[in-house]
Amino acid sequence: MSSTSFAPKLERFNSGIPGLDRVLGGGFFTGGVYIVEGRPGAGKTIFANQLAFHAVLKGRCALYVTLLAESHTRLLQHLQDMTFFDASAIPERLTYVSGFRTLEEGGLKSLLDLVRQELRAHRAGLIVLDGFAAVGETAASDRDFKKFVHELQVHAALANCTIFLLSSGVTDHDRVQPVHTMVDGLVQLTDRPFGVRMQRELVVQKFRGGSYLRGVHSFDITDDGIRVHPRLESFSADLADAGTSERLGTGVPQLDSMLGGGLRCGTTAMLLGPTGVGKSVLGYSFLAQSTGDSRGLLFSFYETPKRALAKAHGVGLDLEARCKAEDVEIMWQSPVETSLDVVGGRILEAVKRRSIKRLFIDGFNALQASAAYVERVPQFFGALARELRAHGVTTVYSAELHAIFSPQIQPPVEGISPLLEDLVIMRFVELNGSLRRIISVLKLRESEFDPAIREFVITGKGLQVRGRLDGMEAIMTGTAHVTSADRVPSAGGPPTKSKRRPARRRR
């Protein structure tokens, strides 16, 4: 007898919980027994009911057995506003049964008989046992408890039925519960505080039969139910690099010349500068070059779509026309009470849905602030860049320099600079009694570029790069001074003429 005929391949089924099946590597296995663990309020009941209603939607019958839990009337009252709730499925296809009295009067054997009886009567393909901790408290010994779980596994396998056991206890990682060694999987739900905010998290501690994404994954609960946001760093790194040697223009010809023709397709660039210097304007200019073959996406933390369009219009950039032509999409994300994985998921969903090739993320600092675990930021940034590069997306970030005038240039977070292919610095400088704007390319990986420091202005026709500031010193500190007899033009004057040939740097 071959191994295939002796042990047929396990079948998976879709959970109906967005993001969860990706964490599980394809979904739960039919005929398995799984423990879902979490403190009161963690989301276990919604988790299980969402599973049950989805099973009904797919043509299966489900059985929901409650022990030490709220009454069925109150349970349904709390669920009826959820979009997955379907009153017409109750009780023919989804049956709610109370097993508390049976457990109290007859013990584990009577409860097992009840589950077996209801399983046969309704031909259930999915069973939820809500209040599993009460079973452990009723068991006379660990041996009896394990025997009960074993009997459930036998019935689940014979009936091709998947069983979920909901427990309000939370296992200490240093302790091993005997029953955990028997079940096919263990999923833990938590609601963890970070300062004054809370973040819901899901961890798969055990999952027999297949690979899964390990570690902590955030999730949220809305009127649509639970949505899991898989941790981006846990995705496979085996992705094709869709970057090319072709260039995408920024919409500023003089800057494109400094960049050797524009930004290389599939690279990640950062515009680094203080508030008000013009980072968003340059990003809008980049998006204004979008076409049907090279669609753009603005993902903004600070400007709502209406304000972004008004801001672009004020400097002569007609992003609204690009939006009406469906060449550009604008998405806004509140920087308050969000998470890295929510942001990453929204961006990647839009990239795939719209075949985005130009992406401007306005507000790297807000992205950084959304991280519950600050040490994750460089790893998340690298993982997001890898995913975007695999889709051939050229990404531009704007990032804030906290000091308007400073001799030092600090990256927004340690460890981020090596992950950037392109870095453009934009600063204010005090010169001839006025504030001037300067721009310079600090890094352009695997390409020649012009490292000269040039002045730029923002007008009603967009951002315009002007001449080199020759004969000046300490420009990047914000307090420049003349070092030669070269005349430095006044603000808004013509570009400085220099006999020196612009240097080219290769990185």
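The largest cavity in this predicted model holds about 90 Å³ of space. A search of the whole structure finds two cavities of 30 Å³ or more. The lining of the largest one consists of Thr250, Leu255, Leu259, Leu263, Ala269, Leu271, Leu282, Gly283, Phe286, Val396 and Val424. Two elements contribute two or more residues to that lining, namely strand 14, residues 268-273, and helix 9, residues 279-287. Helix 9 provides the largest share, with three residues.

Strand 14 takes us directly to one of the sheets. It belongs to an open sheet of nine strands, arranged in the order 16-15-17-18-14-19-20-22-23, with mixed pairing. At the edges stand strand 16, residues 328-332, and strand 23, residues 462-468, each of which pairs on one side only. On average, and with direction ignored, neighbouring strands in this sheet are turned by 25° against each other. As a detail within the sheet, strand 17, residues 356-362, and strand 18, residues 394-400, run parallel and are joined by five bridges. Aspartate 362 has serine 398 of strand 18 as its bridge partner.

I turn now to another sheet. Here, too, nine strands form an open sheet with mixed pairing, and their order is 5-4-6-7-3-8-9-10-11. Its edge strands are strand 5, residues 94-98, and strand 11, residues 225-229, each pairing on one side only. The average turn between neighbouring strands of this sheet is 25°, direction again ignored. Within the sheet, strand 3, residues 33-38, pairs with strand 8, residues 185-194, in the parallel sense over five bridges. Tyrosine 34 stands opposite glycine 185 of strand 8.

Next, the open space. What is the volume of the largest pocket? It comes to about 750 Å³. The pocket is lined by 34 residues, and those nearest its centre are Pro18, Gly19, Arg227, Val228 and His229. Several elements each supply at least two residues of this lining: helix 3 (44-57), strand 10 (216-222), strand 11, helix 12 (340-354) and helix 14 (377-390). The largest share, eight residues, comes from helix 12. Strand 11, listed here among the contributors, is also an edge strand of the sheet just described.

Let me also draw attention to a single residue, glycine 131. It is placed in the loop between strand 6, residues 126-130, and helix 6, residues 133-138. Is glycine 131 buried or exposed? Glycine 131 counts as buried because its relative accessible area is 12%, and the cut-off for burial is under 20%. Leaving aside residues up to four places away in sequence, glycine 131 touches Leu67, Leu68 and Leu166. Of its separation from leucine 166, one may note that the two residues lie 35 apart in sequence, while their C-alpha atoms are 5.7 Å apart in space.

I close with the chain as a whole. It has 14 helices and 26 strands. Of its 507 residues, 52% are buried. The exposed area of the chain is about 23,500 Å², and carbon and sulfur atoms supply 50% of that area. Finally, among the contacts between residues at least 6 apart in sequence, 70% join residues at least 24 apart.

How values were computed:
Residues are numbered from 1 along each chain as its sequence is written. This is a predicted model: local features need pLDDT of at least 70, side-chain atom pairs count only at pLDDT 80 or more; totals for chains, interfaces and linings use all residues. Side-chain values use heavy atoms; hydrogens and water are left out. Helices (H or I, at least four residues) and strands (E, at least two) are DSSP runs, numbered from the N terminus. Buried means under 20% relative accessible area, exposed over 50%, partly exposed in between (1.4 Å probe, protein chains only). Contact means heavy atoms within 4.5 Å. Accessible areas come from the Shrake-Rupley method with a 1.4 Å probe; for residues, only the protein chains shown count as cover. Two strands pair if DSSP finds at least two bridges between them. Axes are lines fitted to C-alpha atoms, for helices over the stretch in contact, and angles run from 0 to 180 degrees between N-to-C directions. On a 1 Å grid over the protein atoms alone, a cavity is a set of points where a 1.4 Å probe fits but cannot get out, and a pocket is an open set with protein on both sides within 12 Å along at least five of seven lines; lining residues have an atom within 4 Å of a point. Grid points are joined across faces, edges and corners, and a volume is the space filled by probe spheres set on the points.
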